[in-house]
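Q: I'm new to this and I'd like to learn how to read a protein model. Could you walk me through one?

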Amino acid sequence: MQTIEEVQQEIVEEFLDYEDWMDRYQLLIDLGQEQQPLPEQYKKESNLIEGCQSRVWLQADFQEDGTIHFQAESDALIVKGLVMLLIRVLDNRTPDEILNADLHFIEDIGLREHLSPTRSNGLLAMVKQMRLYALAFKNLPA
């Protein structure tokens with residue numbers, strides 16, 4: 001399995017293949033369209049991420065091997081792509097790996113300066129929620 005760093009480097013390289021930001025947005029939309037739909041039972045109020053302008057549901061399950069499996073869905077195409085990037089980097093990682101990850105790919109591909117302030121805040125809210133799940137699972141009694 002690739003490290004978090006290797007996955008981030010792969011994402012950066014994919015985005016740097018496109019110089020034009022319209023092409024990068026299209027790549028995000030394409031990533032979002034590849035996403036598996038979230039099972040209906042997880043589309044509940046308690047899974048909605050606060051701070052996102054669009055609706056984003058995030059389901060986290062602690063697995064027997066000590067890793068966290070994330071599933072998500074959004075009603076906005078670009079946001080779907082953003083959440084898919086986060087899942088690609090953080091899915092099936094241990095709580096410590098998630099909590100210690102420096103998610104520099106967000107800066108490296110220029111997302112922060114090319115997203116609207118509300119989308120940028122939503123992206124930060126998604127990262128925060130994933131880290132909160134990691135913290136909660138880390139502190140589960142053995």
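**Reading the model, feature by feature**

A: Let's start at a turn in the chain: α3 is followed by Asn92, whose phi is positive, near 60 degrees. Helices (H or I, at least four residues) and strands (E, at least two) are DSSP runs, numbered from the N terminus. This is a predicted model, where local features need pLDDT of at least 70 and side-chain atom pairs count only at pLDDT 80 or more, while totals for chains, interfaces and linings use all residues. Residues are numbered from 1 along each chain as its sequence is written, and side-chain values use heavy atoms, with hydrogens and water left out.

Q: Why is a positive phi at Asn92 worth pointing out?

A: Here is the general idea: most residues other than glycine have a negative phi. Asn92 has a positive phi although it is not a glycine. You'll find Asn92 in the loop between α3 and α4 (95-100). Its relative accessibility is 28%, so Asn92 counts as partly exposed. The cut-offs for that are: buried under 20% relative accessible area, exposed over 50%, partly exposed in between (1.4 Å probe, protein chains only).

Q: How many helices and strands does the chain have, and in what order do they run?

A: There are 7 helices and 2 strands. Starting at the N terminus, the order is α-α-β-β-α-α-α-α-α.

Q: How do I judge the overall shape of the chain?

A: One handle is the radius of gyration, taken over C-alpha atoms, with a globule rule of 2.2 Å times the number of residues to the power 0.38. For 142 residues, a compact globule would come out near 14 Å, and the chain has 15 Å, which agrees. The C-alpha trace spans about 50 × 30 × 25 Å along its principal axes. As for burial, 49% of the 142 residues count as buried.

Q: What do contacts tell me about how the chain folds back on itself?

A: Contact means heavy atoms within 4.5 Å. Take the contacts between residues at least 6 apart in sequence: 64% of them join residues at least 24 apart. For another look at separation along the chain, try Thr3 and Leu90, which are 87 residues apart, with C-alpha atoms separated by 9.8 Å. Thr3 lies in the segment before α1.

Q: How do I check the length of a helix such as α3?

A: The expected span is 1.5 Å times one less than the number of residues. With 14 residues, α3 should span 20 Å, and its end C-alpha atoms are 20 Å apart, which agrees. For the 22 residues of α7, the expected span is 32 Å and the end C-alpha atoms are 31 Å apart, which agrees too.

Q: Why is α3 described as largely enclosed?

A: Count its buried residues: 11 of the 14 are buried, so α3 is largely enclosed by the rest of the structure. Among them are Ile78, Lys80, Gly81 and Leu90.

Q: Which residues touch the most other members of the largest nonpolar core?

A: A nonpolar core is a set of buried Ala, Val, Leu, Ile, Met, Phe, Trp, Tyr and Cys residues joined through side-chain atoms within 4.5 Å. The largest one here has 45 residues, and Phe70, Phe105, Leu111 and Met126 touch the most other members. Elements that each supply at least two residues include α1 (4-16), β1 (56-62), β2 (68-74) and α7 (117-138). The biggest giver is α3, with 9 residues. If you leave aside neighbours within four places in sequence, Leu111 is in contact with Trp21, Leu28, Leu82, Leu85, Ile106 and Leu123.

Q: What do the buried residues of α2 pack against?

A: They pack against α1, α3 and α6 (111-114). Trp21, Arg24 and Leu28 are among the buried residues of α2. At the N-terminal end, Asp20 caps α2, with a side-chain oxygen 2.6 Å from the backbone nitrogen of Met22.

Q: Is Gln59 buried or exposed?

A: Gln59, found in strand β1, has a relative accessible area of 9%, so Gln59 is buried. Its side chain joins that of Asp61 in a polar contact of 3.0 Å. A polar contact is a pair of N or O atoms within 3.5 Å; within protein, one must be able to donate a hydrogen and the other to accept it, and residues adjacent in sequence count only if both atoms are side-chain atoms.
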